[in-house]
Amino acid sequence: MKVFRAGSPFALCLFSFALTSCGYHIAGNSTSDVLPSTVKTVAIPAFSNVTIRYKLTSYMPAAITREFISRTRYQVVNDPKEADAVLNGSIVRFDSIPITFDPRTGRASAIQALVVMQITLRDRAGTVLFDRPRFESRQNYEISTDPKAYFDESDVALDRLSREVARSVVSAVLENF
């Protein structure tokens, strides 16, 4: 049996073949996404909101916009009339659920924030390119059980939640799953 050295032409050829044929790629960073080639610009207007958490309507579109800019080749525009595709969203449910309690005081010490949205991406002609009627995401955060040291973490949790949703939404749109 003949042993090949690391720098031999055969070893280099074999290595380059293995790299190009494995099919591995990072989800959401694909340049061969499923959106039509005619889509070059995307608008992400303010989301509608039927919940009492009013800040979500600004957190979600801003985070999704940042994610589209940083991870895709699409240009994000402000005016939906100038876009090749428009991503509309509606926040249909928001819950804050206590998940851990302080045994001494009985007060909640950790909360799970749950957001459910409807997300639709349509092209200029109105054709649905992506649709998730029930897009759900969760984020946990801790709260202080000491009233003197209490700091409201809900806004920070909403920001983390919106970034998580943005990553998921952009990946789902690009990979269409």
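Q: Which residue forms a salt bridge with Arg138, and how far apart are the closest N and O atoms?
A: Side chains of opposite charge can pair when their charged atoms come close. In this predicted model, Arg138 pairs with Glu136, and the closest N and O atoms are 2.6 Å apart. Arg138 is partly exposed, with a relative accessible area of 41%. Glu136 is also partly exposed, at 32%.

Q: Which residues are linked with Glu136 and Arg138 in a network of salt bridges?
A: Arg134 belongs to the network together with Glu136 and Arg138.

Q: How many salt bridges does a search of the whole structure find?
A: The search gives 7. One of them joins Asp84 and Arg124, with 3.2 Å between the closest N and O atoms. Asp84 sits in the loop between strand S3 (75-77) and strand S4 (85-101), and Arg124 in the loop between S5 and S6, so this salt bridge ties together parts that are 40 residues apart in sequence.

Q: Are Asp84 and Arg124 buried or exposed?
A: Asp84 has a relative accessibility of 17% and therefore counts as buried. Arg124 has 56%, so Arg124 counts as exposed.

Q: What separates Arg163 and Asp159 in helix H3?
A: The side chains of Arg163 and Asp159 meet in a salt bridge with an N to O distance of 2.7 Å. Because they are 4 residues apart in helix H3 (residues 154-175), about one helical turn separates them. Arg163 is partly exposed, with a relative accessible area of 35%, and Asp159 is partly exposed too, with 24%.

Q: How many aromatic pairs does the count come to?
A: A pair of aromatic rings is described by the distance of the centres and the angle of the planes. Here the count comes to 1 aromatic pair. The ring centres of Phe68 and Tyr74 are 6.4 Å apart and the planes stand at 65°, so the pair is edge-to-face. The cut-off behind that label is an angle over 60 degrees. Both Phe68 and Tyr74 are buried.

Q: Which side chain does a polar contact join to that of Thr120?
A: The side chain of Asp131 does, at 2.8 Å. Thr120 is found in strand S5 (residues 108-123). With a relative accessible area of 12%, Thr120 is buried, since buried means under 20%.

Q: Which residues is Thr120 in contact with, leaving aside neighbours within four places in sequence?
A: Thr120 is in contact with Val86, Leu87, Asn88, Val128, Phe130 and Asp131. Asp131 is thus a contact of Thr120 as well as the partner in the polar contact.

Q: Where is Ser137 found, and what does Ser137 touch?
A: Ser137 is found in strand S6 (residues 128-142). Not counting residues up to four places away in sequence, Ser137 touches Ala113, Leu114, Val115, Leu161, Glu164 and Val165. Its relative accessibility is 7%, so Ser137 counts as buried.

Q: Which elements have the lowest and the highest mean pLDDT?
A: Among the elements of the protein chain, helix H1 (residues 9-21) has the lowest mean pLDDT, 47, and strand S1 (residues 41-43) the highest, 96. For the protein chain the mean pLDDT is 80, and 75% of the residues reach 70 or more.

Q: Where does pLDDT stay under 50, and how many contacts beyond four places in sequence does the model have there?
A: The stretch is residues 11-32, and the model has 16 such contacts for these residues.

Technical notes: Residues are numbered from 1 along each chain as its sequence is written. Side-chain values use heavy atoms; hydrogens and water are left out. pLDDT is the predictor's confidence in each residue, from 0 to 100. Helices (H or I, at least four residues) and strands (E, at least two) are DSSP runs, numbered from the N terminus. Contact means heavy atoms within 4.5 Å. Buried means under 20% relative accessible area, exposed over 50%, partly exposed in between (1.4 Å probe, protein chains only). A polar contact is a pair of N or O atoms within 3.5 Å; within protein, one must be able to donate a hydrogen and the other to accept it, and residues adjacent in sequence count only if both atoms are side-chain atoms. Rings of Phe, Tyr and Trp (its six-membered ring) pair if their centres lie within 6.5 Å; planes under 30 degrees apart count as stacked, over 60 as edge-to-face and the rest as tilted. A salt bridge is a side-chain nitrogen of Lys or Arg within 4 Å of a carboxyl oxygen of Asp or Glu.
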